[in-house]
Every structure is written in C-alpha cells, then in structure tokens.
Amino acid sequence: MCRPGRATPRIPPRGSRLRVGVRLAIDVGSARIGVAHCDSEGRLASPLANVPRGHGDVDALAGLAAADDVIEVVVGLPVGLSGREGPSAADARRFAARLADRMAPVPVRLVDERFTTVIAHDALRRGGSDSRARRPRVDRAAAALLLQGALDIERSTGRPAGELVGSASGGAT
C-alpha cells in the first residue's frame with residue numbers, strides 16, 4: 001500500500017493552475033518499464049529509472065512512488081495515429097488497472113503517449129548515443145516526455161491530463 005493519506009495534493013500557489021506535488025510517469029514496454037518523476041512544484045519532469053517488466057514490477061513501481069510521496073501516477077497509453085487503440089494500448093490499460101489497485105488511494109491516469117518514444121529516440125540520437133546505448137535510456141526518457149506533456153496540459157487547463165483509471169485510484173479528477 002502507498003501510505004494512504006500522505007499523497008494528498010497540496011493547494012496550488014495563488015495564480016497557478018497546477019496541483020503541487022510529485023508525479024510519477026510510467027512508459028510500459030514489453031521488456032522494461034521506463035519511469036520518470038517531477039519536482040514537487042510540477043515544473044520539470046526528469047527520467048528516474050527502468051523497471052524490468054514481469055514478476056514484481058507493480059510492487060517496484062509502488063516502492064518508487066512511495067519513496068517520492070507522489071500525488072499521482074501517469075501511465076502512457078499507446079494510441080495509433082488514427083486515434084485507435086491496438087494490442088499495446090490494451091496491455092497498457094490492463095497494467096494501469098493492476099497498478100491502480102496497488103497504488104490506491106493514489107490516482108492513476110492514462111495519458112496519450114503518441115510520439116514520446118520516437119521523440120526520445122531522436123533526442124538521444126542527436127545527443128550522440130548510438131542505438132545500443134539508447135535502448136536502456138529511451139524508456140525513461142519517453143516517460144519524462146509523457147510526464148512533461150501531462151504537466152503542461154494541467155498547467156494550461158487547470159485539470160489533470162488523461163483518463164482516471166478505476167474507482168480504486170481515489171476518484172479525484
């Protein structure tokens with residue numbers, strides 16, 4: 001359990017449309033899960049870690065969330081260019097539901113992750129990383145892009161980005 005009651009968002013500073021508190025972003029892959037987090041003011045997302053996909057992955061993510069005392073977890077939803085969801089999106093939805101059950105009462109949200117992995121690969125390539133060196137870093141870089149996008153949406157709209165997963169995630173929108 002993720003320390004119920006500790007992950008309560010603080011009231012944003014006057015004039016801000018962004019809730020105060022650390023968020024975690026998850027880029028779910030078939031072999032590993034990229035993880036990113038932001039500062040407590042929600043200004044900047046940064047890569048955090050990779051978690052191997054498989055047995056114990058949800059517990060490992062819950063541990064990272066508890067260590068950062070997060071107010072929310074954002075999971076990337078891989079939607080096609082047409083807006084349709086395929087097998088990868090179904091897998092992300094199942095994973096997000098498992099994570100929401102484990103993370104309650106911390107909310108878990110699904111956010112469209114179109115292009116985050118492509119942009120992360122391109123940025124790392126331009127930064128001088130060869131393809132072999134990029135592989136372990138691209139998932140957490142994609143998670144950071146996903147989180148930064150979610151923060152930017154909340155900052156501009158005053159509402160959290162994405163779709164709330166399950167009633168076990170706290171029900172806050």
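In this predicted model, strand 5 is joined to strand 6 (residues 163–164) by two bridges, and the two strands run antiparallel. Within this pairing, Leu-110 stands opposite Glu-163 of strand 6. Strand 5 itself spans residues 108–112 and is mostly covered, with four of its five residues buried. Strand 5 also pairs with strand 4 (residues 72–77), this time through five bridges and in a parallel arrangement. Here Val-73 can be found opposite Val-108 of strand 5. To get from strand 4 to strand 5, the chain passes through helix 2 (residues 87–103), and this β-α-β crossover is right-handed.

The next stop is the interior. The largest nonpolar core holds 27 residues, and those touching the most other members are Ile-26, Val-73, Val-75, Leu-99 and Met-103. At least two residues of this core come from each of strand 1 (23–28), strand 2, helix 1 (57–68), strand 4, helix 2 and strand 5. Helix 2 gives the most, with seven residues. Leu-99 is a handy residue to look up in the structure: setting aside residues up to four places away in sequence, Leu-99 touches Ile-26, Val-58, Leu-61, Val-73, Val-75 and Val-108. Apart from this core lies another, of 14 residues, which include Ala-143, Ala-144, Ala-150 and Leu-151.

A polar pair rounds off the tour. His-37 belongs to strand 2 (residues 32–38), and its side chain makes a polar contact of 2.6 Å with the side chain of Asp-68. Beyond its neighbours within four places in sequence, His-37 is in contact with several other residues, among them Val-22, Leu-24, Leu-48 and Leu-147.

Conventions
Residues are numbered from 1 along each chain as its sequence is written. This is a predicted model: local features need pLDDT of at least 70, side-chain atom pairs count only at pLDDT 80 or more; totals for chains, interfaces and linings use all residues. Side-chain values use heavy atoms; hydrogens and water are left out. A polar contact is a pair of N or O atoms within 3.5 Å; within protein, one must be able to donate a hydrogen and the other to accept it, and residues adjacent in sequence count only if both atoms are side-chain atoms. Contact means heavy atoms within 4.5 Å. Buried means under 20% relative accessible area, exposed over 50%, partly exposed in between (1.4 Å probe, protein chains only). Two strands pair if DSSP finds at least two bridges between them. A crossover is right-handed if, with the strands pointing away from the viewer, the path from the first strand over the helix to the second runs clockwise. A nonpolar core is a set of buried Ala, Val, Leu, Ile, Met, Phe, Trp, Tyr and Cys residues joined through side-chain atoms within 4.5 Å.
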